[in-house]
Amino acid sequence: MADNKINLVFIGDDELTLEKQLAILSYSGDIKSKVICSKSIIDSISKHTQDEHSIVIINLTANGLKELQVLNDIDGRKASIIIVGDQKNVELLSLAIRSGVKDFIDYKDYEGKLDGVFCNIKKNITHAYNSSNVKRLNAIINAKGGSGASFIASNVAYVLSKDTRLKVALVDLDLQFGSIGLNFDKVPKYTITEALDAIDDLDSISLEAYMSKYNENLSLLLPSPSDILLPGEINVSSLRKLLDLLEINYSQIVVDLPRLIDPVSSMIMEQADQITLVLQQSLAQFRDGRRLIQILNKDLDIPLDKISIVANRYDQKNTLRIEDLKNIVNHDKVYMIANDFERVASASNLGVPLCESSPNSKIAHDLKELAKNLGKVEFEGGRKNLFSRFRTLLA
Ligand SMILES: Nc1ncnc2c1ncn2[C@@H]1O[C@H](COP(=O)(O)OP(=O)(O)OP(=O)(O)O)[C@@H](O)[C@H]1O
Ligand SMILES: [Mg+2]
């Protein structure tokens, strides 16, 4: 927890105000250092804004525009910034927004607001720190072909990469008919087979060359869209090494497995923190689900609490209910994902995950809930962001 402590920096030209602000926040136990800078304001801004564990409170002086401009120009700034200044000054407000500050408190209100704003920012920093220490491996497999396992894996990985600040690797282990690349409109430059061939020479840095980057936090490891690999052609210990390397760079690994019980999928499922079986709402698929759970539990010795079920394309009007599924598969941990042909087809045509193209739909909500549980993470957000609060303020 030691590294999780915050450096608190107060910048401004009125020492008395800075002392007052320090007194307001001094109760907090998670503070590593407290620094007051009442001279050389511009230099102090440049000097104290590089550390991601710092919260810097800048009290704008009469030179506020210049101070915000300096802040705006700093490359690779990592600290969280709270501005205290004149909220009625629109020029200051808009420059503060452009500079990506976390909050802007009116200088007349800081005594009542500083504490709440500070606590919120501190919570987010602590959350990001704690989450980045979580390592999760999720394996997704379907109980019957076409149930939606690749669709679910793609969206779970995407949501984890967007709604947390975690690094996520999505691995497509369907080496014959993998479709993850299509879901993200990506053709790999180097494939998973090439990474496995080179495994003895790879380290966590060179491994990155084999990953196809989708966004800042999400990278894909994909099979070749043209060369098909036969079962048995993958060396399990090479794959194990590859997983170890991935774990160094990524907090969350999501593996899309083909519907095949072989040494490769068995190894992944043994290593996984959670295995999710995807099925649809029919008696035949419920029975397939039961059979697969039995194989995993009895033959592969996978404990039942490591297994989740997703009832995909769930329709409330279907006479087969979730209770029927629980009874038939004899398992309680069940998630439901809505059926939404139009939105899913449109996302697929665009080559983007559904949670990106329709983030506010019911199906996206279901997928986010699933991702939160599988990734064992809390998502950020909830509080109105600075930009929308400014819009209200200026309206
Ligand atoms: N909840 C949903 N609503 C509507 N369409 C869906 C939903 N989930 C998946 N689909 C669609 O169903 C089809 C099959 O999905 P997907 O390829 O993910 O299944 P799979 O289980 O991975 O199949 P495979 O056996 O080929 O690996 C895709 O066209 C996908 O877009
Ligand atoms: Mg698939």
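Two strands pair if DSSP finds at least two bridges between them. Keep that cut-off in mind as you go round this predicted model, since several stops concern strands and their partners.

**The whole protein**

Start with everything displayed. The C-alpha trace spans about 70 × 55 × 40 Å along its principal axes. Colour by secondary structure and you will find 16 helices and 13 strands. Of the 395 residues, 39% count as buried. Among contacts with a separation of 6 or more, 74% are between residues 24 or more positions apart.

**Two domains**

Now give each domain its own colour. The domain assignment makes domain 1 out of 2–131 + 381–394, while domain 2 covers 135–375. Put a marker at the centre of each, taken over C-alpha atoms, and the two markers will be 40 Å apart.

**The five-stranded open sheet**

Next, select β1 to β5. These 5 strands form an open sheet in the order β2-β1-β3-β4-β5, with parallel pairing. β2 (31–37) and β5 (103–106) stand at the edges with a single partner strand each, so one side of each has no neighbour in the sheet. On average, neighbouring strands here are turned by 15 degrees against each other, direction ignored.

Stay at the β5 edge and add β4 (residues 80–85). The two strands run parallel and are joined by 4 bridges. To find the pairing by residue, label G85, which stands opposite D106 in β5.

**Strand β6 and its two partners**

Move on to residues 136–142, which make up β6. How many of its residues are buried? The count is 7 of 7, so to speak a mostly covered strand. Show the side chains: R136, N138, I140 and N142 point one way, whereas L137, A139 and I141 point the other way.

Add β10 (residues 252–256) to the selection. This strand runs parallel to β6, and 5 bridges join the two. Label A139 and V255 to see one pair of bridge partners.

Then bring in β11 (residues 274–280), which also pairs with β6 in the parallel sense, over 5 bridges. Here the residues to label are N138 and its bridge partner in β11, Q274.

**Around ligand 1**

Keep N142 of β6 in view and display ligand 1. Which residues come nearest to ligand 1? Of the 22 residues around the ligand, they are N142, G145, G148, S150 and F151. Three elements give two or more residues to this shell: α6 (149–163), β12 (307–314) and α13 (341–350). If you colour the shell by residue class, you should get 8 nonpolar, 10 polar and 4 charged residues.

**Strand β9 and its neighbours**

For the last stop, select β9 (residues 218–221). Its side chains are buried on both faces: L218 and L220 point one way, and S219 and L221 the other way.

Show β7 (residues 168–172) beside β9. They run parallel, with 4 bridges between them, and L170 has L220 as its bridge partner.

Now add β8 (residues 212–213). In which sense does β8 run relative to β9, parallel or antiparallel? The two strands are antiparallel, with 2 bridges joining them. Label S212 and you will find L220 again, this time as the bridge partner of S212. Finally, trace the chain from β8 into β9: a hairpin joins the two strands through 4 residues.

Conventions
Residues are numbered from 1 along each chain as its sequence is written. Chains are lettered from A and ligands numbered from 1 in the order in which they are written. This is a predicted model: local features need pLDDT of at least 70, side-chain atom pairs count only at pLDDT 80 or more; totals for chains, interfaces and linings use all residues. A residue is buried if 20 or more other C-beta atoms lie within 10 Å of its own, exposed if 12 or fewer, and partly exposed in between; C-beta atoms are placed from the backbone. A residue is near a molecule or strand if its C-beta atom, placed from the backbone, lies within 6 Å of it. Ala, Val, Leu, Ile, Met, Phe, Trp, Tyr, Cys and Pro count as nonpolar, Asp, Glu, Lys and Arg as charged, and the others, Gly among them, as polar. Two residues are in contact if their C-beta atoms, placed from the backbone, lie within 7 Å. Domain bounds come from an automatic or database domain assignment. Axes are lines fitted to C-alpha atoms, for helices over the stretch in contact, and angles run from 0 to 180 degrees between N-to-C directions.
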